[in-house]
Amino acid sequence: MLYELRTYEAGVGNIAVLRGRLQRAAALFKEHGLTAHGFWTEVIGTSNRITYMWEYEDLNEKNQKLAALRADATWNRTNSEETAKYGEVVTRIHNTIMELTDYSPKPDFSVNKIHELRIYHAVPNKLPALNQRFANHSDR
C-alpha cells in the first residue's frame, strides 16, 4: 500500500478558492477511484496550505487514476475558469509517496481530527538504526 501526501499552497488571497476547489474535487476523486483520507489545514504552521492524502495499491494504480483525473473535462474546465477569475489558485504543490514500515499499525484517520506530522532526517547510513528504534522502542 502506498500513501501520497500532497500539500497545495494557495496564491495570495486564494485560500478560500482552494478550499472550494478541493471540496468540489472530493466528489471527482471518488468518481475516479481515488481514496482521499482527509483534507487538513495547519493549526500551527503556514496558513495558506491544504494537505491531503491519497492511498494506492501501487504506482501503476496511482498513474492510471491521476491520468484519468487530469483528462476529466469537469476538472479541467473548473480549474481553467477559476484561474481566469482569480489568477493562480495553487502556486506550489509538494507531494511525497510513502509506504508503511513493517512495524507501523494501519492508519485510522477517523479517530482524531488533529494529526501531527513529524519528519525525522536520519544521519547518513543510520536509517536502519532509526527504523529499529521506532520498531523496538519508540512505538511501544
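What is the volume of the largest pocket? The largest pocket has a volume of about 2,300 Å³. A pocket is an open set of points on a 1 Å grid over the protein atoms alone, with protein on both sides within 12 Å along at least five of seven lines, and lining residues have an atom within 4 Å of a point. The structure is a predicted model, in which local features need pLDDT of at least 70. Residues are numbered from 1 along each chain as its sequence is written.

The lining of this largest pocket comprises 48 residues, and Met 53, Met 98, Glu 116, Leu 117 and Arg 118 are the closest to its centre. Helix α4 contributes the most to this lining, with five residues. Helix α4 (residues 127-138) also has the lowest mean pLDDT among the elements of the chain, 83, whereas α2 has the highest, 95; pLDDT is the predictor's confidence in each residue, from 0 to 100.

Helix α2 (residues 59-71) packs against helix α3 (residues 73-86) at an angle of about 55°, the axes being 5 Å apart. The arrangement is therefore oblique, a term for angles that are not under 35 degrees, over 145 or 65 to 115. Leu 69, Arg 70 and Ala 71 of α2 meet Ala 73, Trp 75 and Asn 76 of α3 in this contact, where contact means heavy atoms within 4.5 Å.

The second largest pocket holds about 210 Å³ of space. Its lining includes Leu 69, Arg 70, Trp 75 and Asn 76, and the elements that give two or more residues to it are β1, α2, α3 and β4.

Definitions and conventions:
This is a predicted model: local features need pLDDT of at least 70, side-chain atom pairs count only at pLDDT 80 or more; totals for chains, interfaces and linings use all residues. Side-chain values use heavy atoms; hydrogens and water are left out. Axes are lines fitted to C-alpha atoms, for helices over the stretch in contact, and angles run from 0 to 180 degrees between N-to-C directions. Helices (H or I, at least four residues) and strands (E, at least two) are DSSP runs, numbered from the N terminus. On a 1 Å grid over the protein atoms alone, a cavity is a set of points where a 1.4 Å probe fits but cannot get out, and a pocket is an open set with protein on both sides within 12 Å along at least five of seven lines; lining residues have an atom within 4 Å of a point. Grid points are joined across faces, edges and corners, and a volume is the space filled by probe spheres set on the points.
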